[in-house]
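Reader: Please take one sheet of this structure and go through it closely, strand by strand, with the residues packed around it. I would also like to know how the rest of the chain compares in layout.

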Amino acid sequence: MNEKNAPAVLTAAQVKRYLKTEFPVTLDVQREVTSTNTILKSLAEQNMPEGFVLVAESQTAGRGRLGRSFHSPVGTGLYMSILLRPTFSAERALFITTAAAVAVCRAIEQETGLKPQIKWVNDIYLHEKKICGILTESSINFETKGLKWAVLGIGLNLSEPEGGFPEEIRSVAGALFAESCSVEMRARLTAAILDHFFTFYSENLKDGAFIEDYRSRSLLTGREIVFSLADHVYRGTVTGISDEAHLIVRLENGEERVFSSGEVQIHKGFAKL
Ligand code: BTN
């Protein structure tokens, strides 16, 4: 992309124009960083208060789950991290990721009318393609069993990068828009994601009041999947999401299992119940 058709640069002032939350948010918007999550983790250790949000227009070392990288080119995505200091127990940490998934879906729906779905546990899909990934990293206080801090990272593909997505993610990756996304829309989406997430975080995140919404957006429910956990591979059909945001799977042998972590692949030629 050359400078002439490069999208205008996003600023904190533009995002703040649309931000409604009363949560004390400190917003920093950068053109390029290594990884918004890596930077916030380091700030968390230096006692930065919660509510600090770093948004970047590109990342040179964006990170995904399971040690993967997250492709973060300039102008076609939104990459942000939120520093949190939750008062609930570490057992509830999964609710940060799952509430954020619902917040992203609500923000997209509000701003575009599109209806994305959630692929358990941290991916947002539109038209069967992954358009957003969420990575929550945290530090646990082993004495109190609480969280010292958590960094919630959200990476949203707004449009397809010039030349397409890299080969290794091409079959899975998709984007929210077919055309490039205006700076105003980027500001609106950023603000809407923060508004929806902080509403959950301030009110009812630890009680899981958002779970019903998460369930209603579940891409996997009723589908045949292949599930990997450590060295094990399971096959089965997803029957639902538990109140703890765990995945409920009916295995091939008829046994019902509840998984709190693991990696899901949708079985080719899946059948929707
Ligand atoms: C995944 O799909 O595995 C999770 C991807 C999370 C990507 C976001 S982009 C903003 C934040 N900074 C990072 O380095 N990663 C997260």
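Author: What follows starts with the strand order of one sheet, moves to the residues around it, and then turns to other parts of the chain.

The model is predicted. The sheet to look at is an open one of seven strands, in the order S1-S2-S3-S7-S6-S5-S4, with mixed pairing. Its edges are strand S1 (26-30) and S4, each of which pairs on one side only. From one strand to the next, the twist averages 20 degrees.

At one edge, S1 runs parallel to strand S2 (residues 52-56), and five bridges join the two. Val29 has Val55 as its bridge partner in S2. As background, strands of a sheet pair through backbone hydrogen bonds, and the pairing can be parallel or antiparallel.

Further along the order, strand S3 holds Ser81. Ser81 counts as buried because its relative accessibility is 0%, below the 20% cut-off for burial. The side chain of Ser81 takes part in two listed polar contacts. With the side chain of Thr36 the distance is 2.6 Å, and with the side chain of Asn37 it is 2.5 Å. Once neighbours within four places in sequence are set aside, Ser81 is in contact with Thr36, Asn37 and Leu40, with Phe52, Val53 and Leu54, and with Val151, Leu152 and Gly153.

Val151 also comes up in connection with Ala44, a residue of helix H2 (residues 36-45). The C-alpha atoms of Ala44 and Val151 are 8.2 Å apart, although 107 residues separate the two in sequence. Ala44 has a relative accessible area of 2%, so it is buried. Apart from neighbours within four places in sequence, Ala44 is in contact with Leu83, Arg85 and Trp149.

A helix also lies across this sheet. Helix H3 (residues 94-112) crosses strand S3 (77-84), S4, S5, strand S6 (129-141) and strand S7 (146-157), and runs at about 145 degrees to S6.

Two other residues in this account, Val102 and Arg106, are touched by Asp213 when residues up to four places away in sequence are not counted. Asp213 itself is in helix H5 (residues 211-216). Its relative accessible area is 13%, so Asp213 is buried.

The S4 edge of the sheet leads to an aromatic pair, one of twelve found in a search of the whole structure. The ring centres of Trp120 and Phe227 are 6.1 Å apart and the planes stand at 35 degrees, so this pair is tilted. Trp120 is in the loop between strand S4 (117-119) and strand S5 (123-126), whereas Phe227 is in strand S8 (residues 224-229), so the pair ties together parts that are 107 residues apart in sequence. Both rings belong to buried residues: Trp120 has a relative accessible area of 3%, and Phe227 one of 1%.

Another ring pair has its planes at 25 degrees and its centres 5.8 Å apart, so Phe197 and Tyr201 are stacked. These two residues are both in helix H4 (residues 183-203), four residues or about one turn of the helix apart. Phe197 and Tyr201 are both buried. They also belong to a cluster in which ring pairs link Phe23, Phe197, Phe198 and Tyr201.

Strand S8, the strand that holds Phe227, has its place in another open sheet. This sheet has five strands in the order S11-S10-S9-S8-S12, and its pairing is antiparallel. Its edge strands are S11 (256-259) and S12 (263-266); each has a single partner strand, so one side of each has no neighbour in the sheet. Neighbouring strands here are turned by 45 degrees against each other on average, direction ignored. Strand S10 (residues 247-251) and S11 run antiparallel and are joined by four bridges. Across from Ile248 in this arrangement is Val258 in S11.

Last comes the ligand, which 20 residues surround; the closest are Ser35, Gln59, Arg63, Arg65 and Lys130. Ser35 has a side-chain N or O atom 2.7 Å from an oxygen atom of the ligand. Gln59 places a polar side-chain atom 3.0 Å from a nitrogen atom of the ligand. For Arg63 a polar backbone atom is involved, at 2.7 Å from a nitrogen atom of the ligand.

Methods. Residues are numbered from 1 along each chain as its sequence is written. This is a predicted model: local features need pLDDT of at least 70, side-chain atom pairs count only at pLDDT 80 or more; totals for chains, interfaces and linings use all residues. Side-chain values use heavy atoms; hydrogens and water are left out. Rings of Phe, Tyr and Trp (its six-membered ring) pair if their centres lie within 6.5 Å; planes under 30 degrees apart count as stacked, over 60 as edge-to-face and the rest as tilted. Buried means under 20% relative accessible area, exposed over 50%, partly exposed in between (1.4 Å probe, protein chains only). Two strands pair if DSSP finds at least two bridges between them. Axes are lines fitted to C-alpha atoms, for helices over the stretch in contact, and angles run from 0 to 180 degrees between N-to-C directions. Contact means heavy atoms within 4.5 Å. A residue is near a molecule or strand if one of its heavy atoms lies within 4 Å of it. A polar contact is a pair of N or O atoms within 3.5 Å; within protein, one must be able to donate a hydrogen and the other to accept it, and residues adjacent in sequence count only if both atoms are side-chain atoms.
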